[in-house]
Every structure is written in C-alpha cells, then in structure tokens.
Amino acid sequence: MDTFIREKLYTFVDVIIRVPPLFIIDELLRIGLGLSDNDVVLDSSEHDFKISKVSDHIVDSILPTSFLDLFGFDQFGYQMHFIILLKFLCCCLGYITAICIFMLWTKHLIIVYLYLISVGAIFISYWSNISTMKAIITYVSTHESTTSILDDILYLNLKYVLNEGPGFLIIQNYVLQCLLASIFCYIHLAPKNPVLQKFLVLSFMTPSILGICPLPTQVLHHLPVFATLLPLAVCKFVIWFNGITMMNAIYMGYQYARNFISNHGLSALAETEWIRLNIPCVLRMFWMLRVGGQMFQILGNHYGEETFTYYIMLRSLLVNGCETLTAVLGMTSIISFICDYIGCFFQWVLLTEDEEEKSIGTVSAILFYVLALQTGLTSLDREKRLVRLCRNFCLLFTAVLHFVHNIVNPLLMSLSASHNPALHRHIRALAVCVFLILFPVSLLIFLWSHYTVSTWLLAVSVFSIEVIVKVLVSLAIYSLFLIDAYRSVFWEQLDDCVYIIRSFGNTIEFAFGIVLFFNGFWILVFESGGAIRAIMICIHAYFNIWCEAKAGWSVFMKRRSAVNKINSLPEAKAEQLRVLDDVCAICYQEMQSAKITRCNHYFHSVCLRKWLYVQDRCPLCHDVLYKIENSLNGKDNEVIAGNQGAQANVANVFEVNEDR
C-alpha cells in the first residue's frame, strides 16, 4: 500500500512540475509570439472579454530610444520593426526553451526548478530590500532630528518607530531575508562550503542590518544591489561550471533519440515519450489550473455585481479555454477523459469489456482537435468561437453515438447467434439501442426547431440519421438470428436476408458519405477554406467513399461468383440424402437439401457458398470443386486454391453457424 501511494504521489508531482512550461508556451502563443500587442481582459459591462492595447511606455521599457539610436534607427517605423523582430526572436527562444524544459527527465527537471527557485529567491530578496530601504530613507529624510533608526532604538523610542516609522516593515524584512537565505543556502547547486554558506546568509541580511545604521542615503540606496552580487555570482558559477555537463546531456539526449528512431522508428519514439511525459494528464492539469485561475479572477473582480451571472462566467471560461493551441490541447484532453468514461459506462451497462473499444477517448480527442484546427477555432473572435465550439460539440456527440453503436453491435450479434438465455443482457443491449435511436431524434428535433438550414446542421443531421440506420440494421439482423434460433430446421435463406439488410445499410451510409463530401466541398469553396479542411475532405473521399465502394463491389462480385459456382453443382435428391444420413460437414446441421460436389461430398448450399468466398477446394478432400474456362489460351485450367492459412479464416466466416 505504501508503495502504491508513493508511486501515485511521484506521478502527481511529475505531472505538476511539467505544467509551468505549458503556461509559458500558452502565454507566448496568446501574444502571438511577440507579433501582437493585444491583451484580453473581462469587460463587466459587456459580460465578456475586450481587447486593450499595451501602452507605449512598456515598449520603451523593453528597449530605450538611446539604444536604438546607436544602430542608426532614426525613423519610427524602423524602430518599431526592430522592436517587433527582437520580441519575436525572444519569444521563439522562450518557446523552444520551454519545450526543452518540458521534455527533460524528472531528475533534470527538478535540478532546473531548484536553480530557478534559487534565482527567484535572489530577486525576491532584492525587491524586499528595495522597499525596505525606500521606507527607511523616507523616514530619516522626514525626521531631521533623527539620523538613523538605530538612534531611536538606543533612545528606547521603540513605540514611535513601530507605529510611525518602518519598524514593522524592518522586522518583516528580517524574517523574510532569514527565510530566503535559508532556502537559497539549502537548494543552490554550488558546492556547500561552510564559509560560503555563512557569507551568503550575511549577504541576504546585510541591507536589513545596515539599514538601521547612520549611513549616507546613497549607500542605503545601493545596499540591495551589493547584497545580490554574491548570490548572483554563485548562480552564475553554477551555470559556467555545469555548462559542459548540460551540453553533454543535450547531446546524449539527441543521440538517444537518433538511435531509437533508427532501431524502432519515429512513431515508437513518439509513443514512448508520450507515455514517459504522461502528456494527457499534464494537459488536463494545465487546462484545469488555467480555467480555475481565470474563474477565481472573474469571481474576485465581478462577483456581487448586478450583471454577474454564472452562465456568463461559464461562457467566458469556455471561450477563453480554447483561445490558443495549448488551451485547445488541454480541452481536448479533458474531452478525451470524459468520452473514455462514457465508453466505460456503456461497457458497464452492457456487461462487456472489449479492450479495442477503450480507444473511444483517443478517437474522440483526435476528432475534436481536428475539428478545432479545421474550423480555425483559435483565430475566431469571441462570439464566433463560442458558436463554433458548440457546433463542434454537437458533431462530437454524434460521433460518440457511432462509437457506442460499435460497442453494442457485436454484442447483439453474439447474443442472438449464441442462443444466450440471459434475458437481462438482451434487455440491456436493446435499451442502449433504444437510446441510440431516441437521442439522435430528439437532437434533430431540437436543432431543426431552433436553427436555420446550414451546412453544419446538414452534417449533424446526416451523422444522426446514419447512426439511427445503423441501429435499425443491427436490430433487424438481431431479430433474424433470434428467429433462426427457434426454428427446428435449417434456414437457407437467412444468409440472403442478412446480406440484403446489410447491403441496404451500407448503401445508405455510402450515399451519406457522398452527401458529406459535397457538403464539405461547399464549405471549402464558399464558406471557410483551408489546407486542413482540404486534407480532411481528401481523406474522407478516399476512406469513406472510394474504399467503401471498392470493398462493396468486391463483396458483390465474390457473392455473385459463388452463386454461379453453386448453381453449376447438382442438387441432391431426397433419396440420396436419406441414404447418406449425415450432417453438413461445415455447419454440422441436418441437411434437408444439399449440393453435390465433383468429389461426391454433400454440403448445404449456403454453407458451401460461404466456403467459396475463401477458396475453391472441397472442405473435406481439398479437391477442386469446379473448372473455369481460360479465355486467353482457350483451354481449361484448374483453379489454384489459397494457401492453408486461408482455411483458418473460414472458421471466422462460419463461427455464427457453428454456434447455432
């Protein structure tokens, strides 16, 4: 138990320490890598975000005009272009650095954070000393009778110093500097020399100690700067001393990736790093912290106002939760997590556990992210982004319904074909099918009653009707199998009925695929084009139209060829079957009618037809069942059967018949 808790805690810490680089990447993307001067805040009057430009003094603080004059940038346009270019390069450098830090191993990442914390302690100490020195200088300058705070302390004028002077501020600074000195001495990466440790503590405490002494104002003003020299020198020494080690670690990482790709491939490396970095959990944690921080900010600024409502806050959080690519990735991870549990819920309802169907979360995440990229979600303004996000959710919901059908359809076929007497399993599967019919119908009624006709509504309608058709086809085949289960004789027409029903469903799906293709083409040409949308249309045209048509035509030709082969064989007479007194060697069912092969073996017509889908030899003696005419040389050639591996595939074809 302790090991389990320790592993969970280690995983949680590993996830948490990888989140800050994502915040840096997200902020850099939000400002357009330095190419945008816009910022986003909540406008309480409009209940939403508004755009406000960064003031000019911020730009001036980045690079003074005197610095630009050194390079001859006299004209304002050149100066602005130079500043933008410099900001862009700095943002790109920060972006690359954040990605590299994110991909570090945990032990190296902890070292980076220790170094950053030590540097942060120096700057916090500096800012605290600056504020304390300013308060001391102000106090001494306004009280001419007092040369220093030490004089008031020696005169036991403590009450006046504490109430009217900076007494409490000095005490707070003492405590803070002691804490920062302890932290810095404990975590800095330089050798822990005892003398150096004492000087470091003294360096942190020097401004607070000398600040109460009667020193000139200029000395007090520069004390915080001199106090940071030794800690900064230690941090700089750490960088220079470990520079070769860091470069060696980067090179070893490059060598590791190169060797891994050469041995296992790029996809294997991506999968390994995906698992090592625990990217889904990191993205979920990043998005929740991001949205949680914005929620607390909105509540702190606008809670209690008359115009404030939770609906407005939720809408603002959703809009701002997908404004950058990293934010969209975080939302995608959340959606994947939710869809995965939806799939687990339906598996629990159906009392089944299929490992292959647990990919519903992954497929849903890919679909949502592709929709976000295809519709340009991050580049839209707020109102359009909210509308597009809701539309993408509708498309995602219909896709999830298709995934649920993929879970329940094999179960229906298995229950009906295996004569499963467990009534509660049949009821559960049928209840899910009823849900898959009623929910799309309700969704279509709501959408068509509230929205006008559009390409988006047409796509959602097609997906919804398609899942209804799939469910009806599954229920029809399920009913046929149940009817066959209670028949006392072999039903030879069952295979034809199943083929007709499935062909009907596949034809409708193929027609819907063509409709979606033209719908997407219309959007590409007349509404919102883009390379990603064009690529997705090509993928849809290849897999859902061309491949489906090719597969359907192949099945049709195989079936027609098998029927022609069966029709060429003689029909067994009743007297022959009575004398034979045997069962079909394929399905092990009694034969009321049968076909006779050239090798004088008897089989059901439908069973032999299924066998001929795979190979043309007798199931018992492996003799050629028939001969075909070769149109090229005008002579008869025996059909060469498939290899023995094809015989294993036949077992899958007749699995249902064997169960019956």
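The second largest cavity in this structure has a volume of about 30 Å³, and this value, like the others below, comes from a predicted model. The structure holds two cavities of 30 Å³ or more. Besides the cavities, this briefing covers the second largest pocket, with about 1,300 Å³ of space, a helix pair formed by α20 and α21, and a region that UniProt annotates as "domain: RING-type" in an unreviewed entry.

**The second largest cavity**

- The residues that line the second largest cavity are Ile-130, Met-133, Lys-134, Ile-137, Leu-220, His-221 and Pro-224.
- Two helices, α6 and α11 (217-227), each contribute at least two residues to this lining, and the largest share, four residues, belongs to α6.
- By residue class, the lining of the second largest cavity consists of five nonpolar residues, one polar and one charged.

**The second largest pocket**

- The second largest pocket, which encloses about 1,300 Å³ of space, is lined by 34 residues, of which Cys-100, Leu-104, His-108, Ala-249 and Ile-250 are the closest to its centre.
- Two or more lining residues come from each of α5 (76-102), α6 (106-142), α12 (229-241), α13 (243-264) and α14 (266-277), with α13 supplying the largest share, ten residues.
- In the lining of the second largest pocket, 26 residues are nonpolar, five are polar and three are charged.
- Helix α6 therefore appears in two settings, since α6 gives two or more residues to the lining of this pocket and also supplies four residues to the lining of the second largest cavity.

**The α20 and α21 helix pair**

- Helix α20 (residues 423-450) and helix α21 (residues 455-485) have axes that come within 10 Å and cross at roughly 155 degrees, which means that α20 is roughly antiparallel to α21, given that angles over 145 degrees count as roughly antiparallel.
- The residues in the contact of α20 with α21 comprise 21 nonpolar and three polar, with no charged residue among them.
- As for handedness, α20 passes α21 in a left-handed crossing.

**The annotated region**

- According to UniProt, in an unreviewed entry, the feature "domain: RING-type" lies at residues 584-622.
- Within the model, the chain over residues 584-622 is 21% helix and 10% strand, and the C-alpha atoms at the two ends of this stretch are 16 Å apart.

Notes: Residues numbered from 1 in each chain as written. Predicted model: local features only at pLDDT ≥ 70, side-chain atom pairs only at ≥ 80, totals over all residues. Heavy atoms only, no water. Axes fitted to C-alpha atoms, helices over the stretch in contact; angles between N-to-C directions. Parallel < 35°, antiparallel > 145°, perpendicular 65-115°, else oblique. Left-handed = near helix turned anticlockwise from the far one by under 90°. Nonpolar A, V, L, I, M, F, W, Y, C, P; charged D, E, K, R; others polar. 1 Å grid on protein atoms, 1.4 Å probe; cavity = no way out; pocket = protein on both sides within 12 Å on 5 of 7 lines; lining within 4 Å. Points joined across faces, edges and corners; volume = space filled by probe spheres on them. UniProt positions renumbered as here; feature names shortened; annotations may be inferred.
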